[in-house]
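Q: Could you take me through this structure feature by feature, giving the general idea where there is one and then the case at hand?

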Amino acid sequence: MKVLSVSSEVFPLIKTGGLADVAGALPIALKRYGVETKTLMPGYPAVMKAIRDPVVRLQFDDLLGEPATVLEVQHEGLDILVLDAPAYYDRPGGPYLDQTGKDYTDNWRRFAALSLAGAEIAAGLMPDWRPDLVHAHDWQAALTPVYMRYYPTPELPSVLTVHNIAFQGQFGAEVFPGLRLPPHAFSTESIEYYGHLGYLKGGLQTAWAITTVSPSYADEILTPEFGMGLEGVIASRRDALHGIVNGIDADIWNPATDPVVHTHYGPTTLKNREENRKSIAEFFRLHDDGAPIFCIISRLTWQKGMDLIAATADEIVALGGKLAILGSGDPALEGSLLAAAARHPGRIGISIGYNEPMSHLMQAGCDAIIIPSRFEPCGLTQLYGLRYGCVPIVARTGGLNDTVIDANHAAIAAKAATGIQFSPVTAEGMLQAIRRAMTLYADQKVWTQLQKQGMKSDVSWEKSAERYAALYSSLAPKGK
Ligand code: ADP
């Protein structure tokens, strides 16, 4: 089966979050199920710099007003179609924000162009290759199934994956003519959303199937608390909704071979983590005193519960814990976490910024990772934690709920526990979990068992890729 994946980020070419990891790993995991994927993505400067020997596959004189070229490249096992459109993507800021941290004012056009290019390829415009199915990711690609709906040729099956329903791509109705969709696309059955435009909403209405990245999140987004206004639309498409948990790339994330990890280890050589722990203590200037190091690797935002960390930092230190924090995001939260670190030298260390190698080393050296998200569609850092013996302490929500087995008495006795869950997601709920972690840590036999059990968890893509392959086949039976 031939699949066109459309995504605004793909690891290792460009990444701001979990979407990139998924878009980069799923095509590789699907190969064994006979699925051949080409991934269409924007030609941001970092992407154009990284690619080698591109082949021109398609040219647009006027892709929503600007010229664009589709280049095909092979990159680390991925077959990538780069949408090279300098007017849209050749900018010094990030994929979505300019250098001052503001959304680009023409994001509506930049990602409509990406989606339209996807729909054109779906319609067979690229010589010698036409997909059997299109898989679009998040709001940035969500207009792909919308454009496909109004294309004159018969419509191909489509899947839309919602990685986070909080990001919906809403724009004013005044940009609608610029999308070059037929006038009747401005309707509640399509992209109209309370008088505005909703890209994700349009995709949810038109995609043949909708997936989200864990079964719990699939249930949650049917409720007003988590649906962010789209719960009604999701409910109307309930029969087309599937929750498939993300996996991780187990080759890239492997503590036995990871090149940035100083001392490699496996479940029977956990003692080797000690050297990595020392490197972390050095980097974050933490006392090396045998107290557990809890880490945080996260966007510093309200969704991720980072205000709870700031509010409880003093208590965590008072309990005897140490914190190593890596992240960036909301300036106010960065400020309060920096202030906490300044109050507790040697007990709290923080590095503001994005540091992929350090994120690996932290999983390999810290004792536990705290993930107090208020909502979490899937979450990847707990999966990396499981794989690296860095015990996840997680809010009981979404994918965190589906992937971590709480260390209650029964689960410990059955040797099934892999981490700690807490609820409600409040400062007190989280502190209670940290107290439990401190008690479990004091009994090294129990703690080691938790680490080993976590490392045994199946966090690979295998089962999930099989589910995606089955979903594709059910939608495009002739593709096989
Ligand atoms: P989200 O996509 O909502 O940010 P996920 O847990 O799904 O959250 O994925 C986050 C990804 O980004 C993980 O791979 C995590 O290791 C990585 N990450 C987050 N913050 C940083 C950072 N400051 N430095 C390096 N990697 C980070």
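What follows is a dialogue on the domains, the ligand site and some backbone details.

A: Let us begin with a caution, since this is a predicted model, and then turn to the division of the chain.

Q: Which domains does the domain assignment of the protein chain give?

A: The assignment gives domain 1, made of 2–247 + 462–475, and domain 2, which covers 270–456. Taken over C-alpha atoms, the centres of domain 1 and domain 2 are separated by 32 Å.

Q: How should I read the interface, and how much area do domain 1 and domain 2 bury between them?

A: The size of an interface is often given as the accessible area lost when the parts come together. Here domain 1 and domain 2 bury about 1300 Å² between them, and 60% of that area is on carbon and sulfur atoms. In terms of residues, 19 of domain 1 are in contact with 18 of domain 2.

Q: How many residues surround the ligand, and which are the closest?

A: Counting residues with a heavy atom within 4 Å, the ligand is surrounded by 19 residues, of which the closest are Lys15, Gly18, Asp21, Arg299 and Gly353. Sorted by class, the shell has five nonpolar, nine polar and five charged residues. Domain 1 and domain 2 each contribute at least three residues to this shell.

Q: Which helices and strands each supply at least two residues of the shell around the ligand?

A: They are helix H1 (18–30), strand S13 (293–300), strand S14 (322–329), helix H15 (356–365) and helix H16 (381–388). S13 gives the most, with three residues.

Q: What polar contacts does the ligand make, and how much of its area does the protein bury?

A: With N or O atoms paired within 3.5 Å as the cut-off, one oxygen contact is to the side chain of Arg299, where an N or O atom lies 2.8 Å from the ligand. Backbone atoms take part as well: a polar one of Asn355 is 3.0 Å from a nitrogen atom of the ligand, and a polar one of Leu380 is 2.9 Å from an oxygen atom of the ligand. Taken alone, the ligand exposes 560 Å², of which the protein buries 92%.

Q: Where are cis peptide bonds found, and what is omega in each?

A: One joins Phe11 and Pro12, with omega about 10°, and Pro12 sits in the loop between strand S1 (2–6) and H1. Another joins Ser423 and Pro424, with omega about 0°; Pro424 belongs to the loop between strand S18 (420–422) and helix H19 (427–442).

Q: Which residue has a positive phi although it is not a glycine?

A: That is Asp53, whose phi is about 55°, and Asp53 is placed in the loop between helix H2 (45–50) and strand S3 (55–63).

Notes. Residues numbered from 1 in each chain as written. Predicted model: local features only at pLDDT ≥ 70, side-chain atom pairs only at ≥ 80, totals over all residues. Heavy atoms only, no water. Polar contact = N/O pair within 3.5 Å; in protein donor to acceptor, adjacent residues only side chain to side chain. Areas by Shrake-Rupley, 256 points an atom, 1.4 Å probe, with all protein chains shown as cover. Helix = DSSP H or I, 4+ residues; strand = E, 2+ residues; numbered from the N terminus. Nonpolar A, V, L, I, M, F, W, Y, C, P; charged D, E, K, R; others polar. Domains from an automatic or database assignment. Contact = heavy atoms within 4.5 Å. Buried area = accessible area lost by both parts, 1.4 Å probe.
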